[in-house]
Amino acid sequence: AQVVESGGGLAQAGDSLTLTCAHSKGIFEPMLMAWYRQRPGSQREMVASIRVDGKTSYADFVKDRFTISREKGSNVVSLQMDSLEPEDTAVYYCYGDLRVTFRTRKSYWGQGTQVTVSS
């Protein structure tokens, strides 16, 4: 199993970008999918998460600007980022807590995708 990100790139302040993360198909269920980011010189921090029951959680610094979502039955999780700020510049990582089989639960990280926001 794995998780693979796509999206990211360059944006100007106020713009929108969408990141997507696909986990491997055929797993039992994705217990939690999340986006983290690591800004230059900082530790990795959680941005948003969505549980298997659909409950979402956001870091205070992205509330009302970013939206995490997953279509029912889809293996793709999206992060819609609106009103981007230069401070959102970071490498964004997808994280998956996957129940690979009924008895096996593992964590996976994507390779990261760069988001750069200019003022």
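Me: Before we start, what makes two strands count as a pair?
Reply: Strands here are DSSP runs (E, at least two residues), numbered from the N terminus. Two of them pair if DSSP finds, between them, at least two bridges.

Me: What kind of model is this, and how are residues numbered?
Reply: It's a predicted model, where local features need pLDDT of at least 70, side-chain atom pairs count only at pLDDT 80 or more, and totals for chains, interfaces and linings use all residues. Side-chain values use heavy atoms, with hydrogens and water left out, and each chain's residues are numbered along its sequence from 1.

Me: Which strands sit at the edges of the open sheet?
Reply: The sheet has four strands in the order S1-S3-S8-S7, with antiparallel pairing. An edge strand pairs on one side only, and that fits strand S1 (3–7) and strand S7 (66–70).

Me: Which residue in S8 is the bridge partner of Ser69?
Reply: S7 and strand S8 (residues 76–81) run antiparallel and are joined by five bridges. In S8, Ser69's partner is Ser78.

Me: Which element gives the largest share of the largest nonpolar core?
Reply: That kind of core is a set of buried (under 20% relative accessible area, 1.4 Å probe, protein chains only) Ala, Val, Leu, Ile, Met, Phe, Trp, Tyr and Cys residues joined through side-chain atoms within 4.5 Å. This one has 26 residues, and Trp35 and Leu79 are among those with the most contacts inside it. The largest share, four residues, comes from S9.

Me: Which residue in S11 stands opposite Ala11?
Reply: Strand S2 (residues 9–12) and S11 run parallel, joined by four bridges. Ala11's opposite number in S11 is Val117.

Terms used:
Buried means under 20% relative accessible area, exposed over 50%, partly exposed in between (1.4 Å probe, protein chains only).
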